[in-house]
Amino acid sequence: MPNQHFLTLFFFILLSCNTLTSSSSSSSSSEKDDTFDFVRPIDRKLLGLHKKEKLSHFKFYWHDILSGKNPTSISIIPPTINSTTAFGLTHIIDNPLTLGPQLSSKLVGRAQGFYASASQVGLDFLMAMNFAFIEGKYNGSSITILGRNPVLNKVREMPVVGGSGLFRFARGYAQFSTHWIDLKTGDASVEYNVYVYHY
């Protein structure tokens, strides 16, 4: 009789261990499946990344128009009171990008985004914008810029943080300098030289 109890107990423990092992392995397998649905390795070729990366230089002029009947830059947040640097001032932009410094030059795209005065001690702007191109094979593609613009410096620089279309996985930088500014209206034309790696 004790042998029978021992055998029953032994089979019960064996069965329990087997059930725990299989449920734990199915739970672990289910977690792996869930993770695989969330993130998984992918072949670079599927995204066109087998092509050789190239470096391109784009030169154009950015026009910030605050005056007139159809401004391309509008203030959406006023500066804080008594600020000598217009701290907090924020503008939304849809600025034309042209081949030459005149607004009448050939339009190659638009700079869409915003800039904001981000310093209490100097004229430094945070700028976030997409250069949305409409010219040639780049029509529909864009380069994304995000960075600091110390406006009183002769030459400034901001990083290229990405892009879309022909600029997927883009990286690089933009150097820019003020071509002219109307101190009365705030209108300005800025020369941009953008150096970007892309596929």
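A pocket is an open set of grid points, on a 1 Å grid over the protein atoms alone, with protein on both sides within 12 Å along at least five of seven lines. The exercises below concern a predicted model.

**Exercise 1.** Determine the volume of the second largest pocket and the classes of its lining residues.

*Solution.*
1. The volume of the second largest pocket is about 170 Å³.
2. Its lining consists of Leu47, Gly48, Leu49, Lys51, Lys54, Gly165, Leu166, Arg168, Phe169 and Tyr199.
3. Glycine counts as polar.
4. Sorted by class, the lining of this pocket comprises five nonpolar, two polar and three charged residues.

**Exercise 2.** Describe the largest pocket by its volume and by the strands that contribute to its lining.

*Solution.*
1. The largest pocket has a volume of about 540 Å³.
2. It is lined by 23 residues, of which Asp64, Phe125, Val151, Ile181 and Gly186 are the closest to its centre.
3. At least two lining residues come from each of β1 (54-64), β5 (124-133), β8 and β9 (188-198).
4. The lining divides into 16 nonpolar, four polar and three charged residues.

**Exercise 3.** Is alanine 174 buried or exposed, and which residues does it touch?

*Solution.*
1. Alanine 174 lies in strand β8, which spans residues 171-181.
2. The cut-off for buried is under 20% relative accessible area.
3. Alanine 174 is classed as buried because its relative accessibility is 0%.
4. Leaving aside residues up to four places away in sequence, alanine 174 touches Ile145, Arg156, Glu157, Met158, Tyr192, Asn193 and Val194.
5. Valine 160 is 14 residues from alanine 174 in sequence, with a C-alpha to C-alpha distance of 6.8 Å.

Notes:
Residues numbered from 1 in each chain as written. Predicted model: local features only at pLDDT ≥ 70, side-chain atom pairs only at ≥ 80, totals over all residues. Heavy atoms only, no water. Helix = DSSP H or I, 4+ residues; strand = E, 2+ residues; numbered from the N terminus. Buried < 20%, exposed > 50% of the residue type's maximum accessible area, 1.4 Å probe, protein only. Contact = heavy atoms within 4.5 Å. 1 Å grid on protein atoms, 1.4 Å probe; cavity = no way out; pocket = protein on both sides within 12 Å on 5 of 7 lines; lining within 4 Å. Points joined across faces, edges and corners; volume = space filled by probe spheres on them.
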